[in-house]
Amino acid sequence: MQFGLSDEQEMIVSTVRSFVEKEIYPYEAEVERTGAVPEGLGDEIKRKVIDLGFYACNFPEEVGGAGLSHLDFTLVERELGRGSMALTHFFGRPQNILMACEGEQKERYLLPAVRGERMDALAMTEPDAGSDVRAMKCSAVREGGDWVVNGSKHFISGADHADFFIVFIATGVDETPKGPKKRITCFLVDRGHPGFAVRDGYRSVSHRGYNNCILEFSDCRLPDAQVLGAVDGGFEVMNEWLYATRLTVAAFSVGRARRCFDMAVEYAAQRKQFGQAIAKFQGVSFQVADMVTEIDAADWLTLAGAWRLDQGLAANREIASAKLYATEMLARVTDTTLQIFGGMGLMDDFPIERFWRDARVERIWDGTSEIQRHIIGRELFRPLGA
Ligand SMILES: Cc1cc2nc3c(=O)[nH]c(=O)nc-3n(C[C@H](O)[C@H](O)[C@H](O)COP(=O)(O)OP(=O)(O)OC[C@H]3O[C@@H](n4cnc5c(N)ncnc54)[C@H](O)[C@@H]3O)c2cc1C
């Protein structure tokens, strides 16, 4: 067992961290104030990341990515977690599910996404189908050799900047002893395709400027060439490629918590009350001690999950534990930091109130904390037949 980073990994960490500090931090306040990424800035960030050789670094070299291991990519995500998500979105990590592209789909979707020419968004959630994905109503029926899609999706992140969408749609239903079970197929849908519209979504308190949208399908005709993976094989594609997004949420949470923690320590060391630094009060220093312990624990859990993926070991339970613990840790760390800042913590002169608001969504998206606990419990009890 080896706990240190290699020279190459140290270089990845320092390169991404200085990129975030130099290219992301200066624009965060404006994004927060306006709720939007300034015109042209997204493309500028993208261009700089391409020059740096980090665009689509989660993709293998044979398709033009940087070919990072899961562990190395987790280190990248951890550093990106420090910065505004609305801006780091343009650092460009296309959904790795695009590796399921076949034939000419590679030319139309996979390769342009890896080159930074086309951006993607992933759509699963619907108003009546959140945690229960199979309850989706958005459906496609066969007609004249095409699929005709009707329904909607909501909460779709990054859809305002996406050129195409990876959408999960019901393509049938099976009768099973446990009741009807929807068959799901994954489709690739271009922005502007007839019968498909992207509408403004809701305003979220978390990650301002990283907007979510509503997708609407109205008699939208899609040929078979738009199916990603096999017809009715949406869950298989999802299970093969989407597991790692939970790990990125965990890594984000660790990076964000470290930035927040550094500010808490600095503030506690310089803020004086009762004639001394508040860090001298055990009530404050114990909070700081708990914070760093929890951040380290979440960090190791997350890196261990990535390491297991690299070793080809089962990692479902471990990644669910990392996502659960890291996101709940982030909620505690941002809240404690705000407490250490006192009243100033709530003011937008400091980014602490933003970190506190941003943290809230991490326990909800990519599977809520309850769903992660469900996955962990299932993995433990299923082998025992319970
Ligand atoms: C800002 C934002 C961006 C998002 N971006 C995307 C995106 O890009 N693409 C996409 O497809 N989705 C996206 N989502 C959707 C996100 O993944 C869902 O919100 C999440 O899966 C939860 O679904 P829900 O909000 O419908 O809550 P529900 O599923 O209705 O859950 C409500 C509550 O019930 C609990 N619950 C549900 N089932 C169980 C159970 N079996 N056991 C115990 N408790 C349970 C939940 O934990 C939760 O506390 C986004 C969401 C948000 C808020």
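In what follows, a helix is a run of at least four residues assigned as H or I by DSSP, a strand is a run of at least two residues assigned as E, and both are numbered from the N terminus. The structure shown above is a predicted model, and with these terms in hand we can begin at its N-terminal part. Over residues 6-117 the chain is 59% helix and 0% strand, while the C-alpha atoms at the two ends of this stretch are 32 Å apart. The unreviewed UniProt entry annotates residues 6-117 as "domain: Acyl-CoA dehydrogenase/oxidase N-terminal".

Within helix H1, which spans residues 7-34, we find phenylalanine 19. A residue counts as buried when its relative accessible area is under 20%, and because the value for phenylalanine 19 is 8%, this residue is buried. If neighbours within four places in sequence are set aside, phenylalanine 19 is in contact with Ile24, Ile45, Lys48, Val49, Leu52 and Phe91. Lysine 137, by contrast, lies 118 residues from phenylalanine 19 along the chain, and the C-alpha atoms of the two are separated by 42 Å.

Helix H1 appears again when we turn to helix H10, whose buried residues pack against H1, helix H4 (85-88), helix H7 (243-270) and H9. Of the 11 residues of H10, 9 are buried, and therefore this helix is largely enclosed by the rest of the structure. The buried residues of H10 include charged ones such as Glu353, Arg354 and Asp358, as well as Ile352, Phe355 and Val361.

The loop between helix H9 (316-341) and helix H10 (352-362) holds leucine 346, which is partly exposed, with a relative accessible area of 48%. Together with Met344, Met347 and Trp356, Leu346 forms a nonpolar patch on the surface, and the accessible area of these residues together is about 370 Å².

Further along the chain, helix H11 covers residues 369-381 and contains glutamine 372. Is glutamine 372 buried or exposed? Its relative accessible area is 0%, so glutamine 372 is buried. A polar atom of the side chain of glutamine 372 lies 3.0 Å from the backbone oxygen of glycine 367. Apart from neighbours within four places in sequence, the residues in contact with glutamine 372 are Arg246, Ala320, Lys323, Leu324, Asp366 and Gly367.

Methods: Residues are numbered from 1 along each chain as its sequence is written. This is a predicted model: local features need pLDDT of at least 70, side-chain atom pairs count only at pLDDT 80 or more; totals for chains, interfaces and linings use all residues. Side-chain values use heavy atoms; hydrogens and water are left out. UniProt positions are given in the numbering used here, feature names are shortened, and annotations may be inferred rather than shown by experiment. Buried means under 20% relative accessible area, exposed over 50%, partly exposed in between (1.4 Å probe, protein chains only). A polar contact is a pair of N or O atoms within 3.5 Å; within protein, one must be able to donate a hydrogen and the other to accept it, and residues adjacent in sequence count only if both atoms are side-chain atoms. Contact means heavy atoms within 4.5 Å. Patches are made of residues with over 30% relative accessible area and no salt bridge: like charges are joined within 9 Å, nonpolar side chains (Val, Leu, Ile, Met, Phe, Trp, Tyr) within 5 Å. Accessible areas come from the Shrake-Rupley method with a 1.4 Å probe; for residues, only the protein chains shown count as cover. A salt bridge is a side-chain nitrogen of Lys or Arg within 4 Å of a carboxyl oxygen of Asp or Glu.
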